[in-house]
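Reader: I would like to learn how to read pockets, cavities, cores and backbone angles in a protein model. Could we go through them one at a time?

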Amino acid sequence: MRSTPVVFADGSMTAVLGERWSAKARPTSSTLEAEGVAAYRADDALWQLGLALVPATVVPHLTDDFRWGRLYAGVATAPTQPAIGVASGSAVVLSPGGASVSGASVVVADGSVASSWVSTNGALGASGVVLHVFGSGERLAR
């Protein structure tokens, strides 16, 4: 069994495997746009402690649910840890040799040398975040 890879799949429970996760429900078709904008607010994520199996913030449904703001909120909350965004239909495959992507794409936001702030209107701001994009079959790296 040790040679069988473990698949870290896209889905709402994926986020719980990270250091922190947002307890906000997935947006519906009628709230998608408003929730996508709200995700860029510093007070929107309602972070909860995760299981910490992955030393990162993990954001599932990254593109379908317009959760890019949540990805950057994860970087602002813990700049020394990566934020991993998983597109719907994609997965991170964990194996003894490391992690790789299955599916369309996975992004890793690295805020270790970034600056982030909260504007007077409550919106998150950031500069210096490095965004790595990985396609199917590529190995994940910071």
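Author: Let us start with a pocket, bearing in mind that this is a predicted model. Strand 2 (20-22) and strand 4 (57-59) each contribute at least two residues to the lining of the second largest pocket, whose volume is about 210 Å³.

Reader: Which residues are the closest to the centre of the second largest pocket, and how does its lining divide into nonpolar, polar and charged residues?

Author: The lining has 17 residues, and the closest to the centre are Ser-12, Ala-15, Ser-22, Lys-24 and Arg-67. Sorted by character, the lining of this pocket consists of 10 nonpolar, 3 polar and 4 charged residues.

Reader: How does one find empty space inside a model, and how many cavities of 30 Å³ or more does this structure hold?

Author: The general idea is that rolling a probe the size of a water molecule over the atoms shows where empty space is left. In this structure there is 1 cavity of 30 Å³ or more, and the largest cavity has a volume of about 70 Å³. Among the residues that line the largest cavity are Lys-24, Glu-35, Asp-65, Phe-66 and Arg-67, and the whole lining divides into 4 nonpolar, 1 polar and 5 charged residues.

Reader: What should I notice about phi at Phe-66?

Author: As a general rule, most residues other than glycine have a negative phi. Phe-66, which is not a glycine, nevertheless has a positive phi of about 50°, and it is found in the loop between strand 4 and helix 2 (68-77). Because its relative accessibility is 42%, Phe-66 counts as partly exposed. Leu-46 also has a positive phi, near 55°, and is placed in the loop between helix 1 (32-38) and strand 3 (47-49).

Reader: Which residues make up the largest nonpolar core, and which strands each supply at least two of them?

Author: The largest nonpolar core has 11 residues, including Val-54, Ile-84, Val-92, Val-106 and Phe-134. Strand 5 (83-86), strand 7 (98-102) and strand 8 (105-110) each supply at least two residues of this core. A second, separate core has 8 residues, among them Val-59, Val-75, Ala-83 and Val-129.

Reader: Where is Leu-140, and what is it in contact with beyond its neighbours within four places in sequence?

Author: Leu-140 lies in the segment after strand 11 (130-135). Leaving those sequence neighbours aside, its contacts include Val-92, Ala-99, Val-101 and Phe-134, and these four residues are also listed in the largest nonpolar core.

Methods: Residues numbered from 1 in each chain as written. Predicted model: local features only at pLDDT ≥ 70, side-chain atom pairs only at ≥ 80, totals over all residues. Heavy atoms only, no water. Contact = heavy atoms within 4.5 Å. Core = buried A, V, L, I, M, F, W, Y, C linked by side-chain atoms within 4.5 Å. Buried < 20%, exposed > 50% of the residue type's maximum accessible area, 1.4 Å probe, protein only. 1 Å grid on protein atoms, 1.4 Å probe; cavity = no way out; pocket = protein on both sides within 12 Å on 5 of 7 lines; lining within 4 Å. Points joined across faces, edges and corners; volume = space filled by probe spheres on them. Nonpolar A, V, L, I, M, F, W, Y, C, P; charged D, E, K, R; others polar.
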